[in-house]
Amino acid sequence: MLDKNKLADYVPGFQSRRTFSPQPPSQEELVLAQQAAEELAAQSGLTFTRFDQPKLLFDSFKRGKGFFRFAHYYYVISAKEDTPENRGKTGYFGQQLALYLTSLRLGCCWEIDRFDREKLAGLLFPDSEEKPLAVLLFGRVNPIRSLREGTIHQMRKLHSKSFDKMFRSDRLDIPYWFHLGLEYFHKAPGNANRYEEAIRLKDKTAYFTAQPGQEVSTGIGTLHFELAVNSLPSCHGEIRVLEDQKVCFVNTIGESEAHQAQPAKEDSHGVA
């Protein structure tokens, strides 16, 4: 059974990998991955389908298929309806699978908007109403990133926003649990260079507003946030879905007494 809380250890080192080993994952690794995917599908109501024909996937790409090397397997996360709520769930539950694959020493990479959704649906689900929401490629990887991967990561790092510019707060002090949660949120694919002022802290509740088209990234980030806060011994909370493209994290126990609150920076959006 997949233990979500144990996945927090793999968030700090999580990296998108696009260069895979010519040697595919073992049968045992594929079985473990499939068991986790089936469990997440049951929890989320989404469909996790594994494919081993990357050519069909790359045929649907609008750009960027040259970034990948030796891709063997990928999961398509889909649903009967393409809605903001289902896209958010795709990020939240799909990232659990990504972190679990990382725990198996496999590498993976999200693809959210690089492919043509209608074309991919026609190629992979010709007799179904399933609508692809995101793709998760995975496989064996070298512990050291390739030169191509390193260049891509460096380019994205140049355009990243500081995580202390990603939020607003009604408080004059920033509690440690929120600070740690933001650090983990910032590590989610896409969030480091796309989010600004979309997170608000009010009392012991953090509110996340999903920007149009970025619901998958928001789902990934809120999972990271939840895992980070729940890793603290005297904090606990959960993500709750609200209306109007919003979700929130409610710290139901309190702030960690073992850590002092962090002061808000004057040049940040720490005070609304």
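Gly13 is exposed, with a relative accessible area of 55%. The model described here is predicted. Gly13 sits in the segment before α1 (27-44). In sequence, Gly13 and Leu99 are 86 residues apart. In space, their C-alpha atoms are 9.9 Å apart.

The helix that follows this segment packs against another helix. Two packed helices are described by the angle between their axes and the distance between the axes. The axes of α1 and helix α3 (residues 84-103) come within 10 Å. They cross at roughly 160°. Angles over 145 degrees count as roughly antiparallel, so α1 is roughly antiparallel to α3. The crossing of the two helices, α1 and α3, is right-handed. On the α1 side, the contact involves Leu32, Ala33, Ala36, Ala37, Leu40, Gln43 and Ser44. On the α3 side, the residues met are Lys89, Phe93, Gln96, Leu97, Tyr100 and Leu101. The residues of this contact between α1 and α3 comprise nine nonpolar, three polar and one charged.

Helix α1 also lies across four strands, namely β1, β2, β3 and β4. Its direction is at about 155° to β1. These four strands form an open sheet in the order β1-β2-β4-β3. The pairing in this sheet is antiparallel. The edge strands are β1 (47-51) and β3 (106-111), since each pairs on one side only. From one strand to the next, the twist averages 25°. Within the sheet, strand β2 (residues 73-79) pairs with strand β4 (residues 131-140). Seven bridges link β2 and β4, in the antiparallel sense. At one position in this pair, Ser78 stands opposite Pro132 in β4.

Other strand pairings involve β7. Strands of a sheet pair through backbone hydrogen bonds, either parallel or antiparallel. Strand β5 (residues 167-169) and β7 run parallel and are joined by three bridges. Here Arg168 stands opposite Arg200 in β7. The pairing of β7 with strand β8 (residues 205-209) is antiparallel and spans four bridges. Leu201 has Ala206 in β8 as its bridge partner. Together, β7 and β8 form a hairpin, with two residues between the strands. In the turn, Asp203 has a positive phi of about 55°.

The side chains of β7 were examined next. In a regular strand the side chains alternate between the two faces of the sheet. Strand β7 (residues 199-202) shows such alternation. Ile199 and Leu201 point to one face and are buried. Arg200 and Lys202 point to the other face and are not buried.

A further strand, β10 (residues 246-251), holds Phe249. Buried means under 20% relative accessible area, and Phe249 has 0%, so Phe249 counts as buried. Beyond its neighbours within four places in sequence, Phe249 is in contact with a set of residues that includes Trp177, Lys204, Thr205, Ala206 and Phe208. Further contacts of Phe249 include Phe225, Glu226, Val229 and Asn230. Gly237, Glu238 and Ile239 are also in contact with Phe249. Among these partners, Ala206 is also the bridge partner of Leu201. Phe225 is 24 residues from Phe249 in sequence. The C-alpha atoms of Phe249 and Phe225 are 8.3 Å apart in space.

Notes
Residues are numbered from 1 along each chain as its sequence is written. This is a predicted model: local features need pLDDT of at least 70, side-chain atom pairs count only at pLDDT 80 or more; totals for chains, interfaces and linings use all residues. Side-chain values use heavy atoms; hydrogens and water are left out. Buried means under 20% relative accessible area, exposed over 50%, partly exposed in between (1.4 Å probe, protein chains only). Contact means heavy atoms within 4.5 Å. Axes are lines fitted to C-alpha atoms, for helices over the stretch in contact, and angles run from 0 to 180 degrees between N-to-C directions. Angles under 35 degrees count as roughly parallel, over 145 as roughly antiparallel, 65 to 115 as roughly perpendicular and the rest as oblique. A crossing is left-handed if the near helix is turned anticlockwise from the far one by less than a right angle, and right-handed if clockwise. Ala, Val, Leu, Ile, Met, Phe, Trp, Tyr, Cys and Pro count as nonpolar, Asp, Glu, Lys and Arg as charged, and the others, Gly among them, as polar. Two strands pair if DSSP finds at least two bridges between them.
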